[in-house]
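Visitor: Could you walk me through one part of this model in some detail? I'd like to look closely at the sheet and what surrounds it.

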Amino acid sequence: MENYEQVLLSIRQIIRAIDLRSKKLNKEFGLTSPQLLLMRTIKHSPKLTIRQLSKDTNMSQATATSILDRLESRELVQRERDTADKRKVHVLITAKGDAVLNQAPKLLNEDFVEKFKQLDPWEQTLILSSLQRVSEMMNAPEVTPDNLILSIDQESSHHQ
């Protein structure tokens, strides 16, 4: 098996572990990992716009908006229009949401968190930088109308 295939298997194991953790959180706590991630991000960076929030959590705006709709219906977050620029909407954690977060378990499995904390700081940094590098390598460039047209033009010129 090629090394890059072993990387894929490791990533799949990580995705599966995260997915199982999210299902467990939802079953036992009533919130999924993405919901908790959004709420924690909002708490630590109050008055974020939905665009900033989706960027900070690496979710599409549509996904973040859908999750926020559910959280808002449960009165865990609230949206507030910017007073200076009415086009901007900020998201805030509510008192009820703050109380829920104070009771919430960690997003990652407790065993992982403890094992990770026991590593030397240099090893924690090595793992983090390696994962960030893999993530960066796997992220395709954002598709915009300009680079889509350029890509199509390049393809058609290769076929001529």
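Guide: Sure, and keep in mind that this is a predicted model. Let's start where β1 meets strand β3 (residues 89-93): two bridges join them, and the two strands run antiparallel. For a concrete handle, pick Leu48, whose bridge partner in β3 is Val91.

Now zoom out a bit. Three strands make up an open sheet, ordered β1-β3-β2, with antiparallel pairing. At the edges sit β1 (48-49) and β2, each of which pairs on one side only. As a bit of background, strands of a sheet pair through backbone hydrogen bonds, either parallel or antiparallel.

Next, the helix that goes with this sheet. α4 lies across β2 and β3, and its direction makes an angle of about 110° with β2.

The loops on either side of α4 deserve a look too if you care about backbone torsions. Between α3 (50-57) and α4 (61-73) there's a loop that holds Asn58. Asn58 isn't a glycine, yet its phi is positive, about 60°. Then, in the loop between α4 and β2 (77-81), you'll find Glu75. Glu75 also has a positive phi of about 60°, again without being a glycine. Why flag that? Most residues other than glycine have a negative phi.

As for surroundings, Asn58 has a relative accessible area of 66%, so it counts as exposed. Glu75 comes in at 54%, and as exposed means over 50%, Glu75 is exposed as well.

How values were computed. Residues numbered from 1 in each chain as written. Predicted model: local features only at pLDDT ≥ 70, side-chain atom pairs only at ≥ 80, totals over all residues. Heavy atoms only, no water. Helix = DSSP H or I, 4+ residues; strand = E, 2+ residues; numbered from the N terminus. Buried < 20%, exposed > 50% of the residue type's maximum accessible area, 1.4 Å probe, protein only. Pairing = 2+ DSSP bridges. Contact = heavy atoms within 4.5 Å. Axes fitted to C-alpha atoms, helices over the stretch in contact; angles between N-to-C directions.
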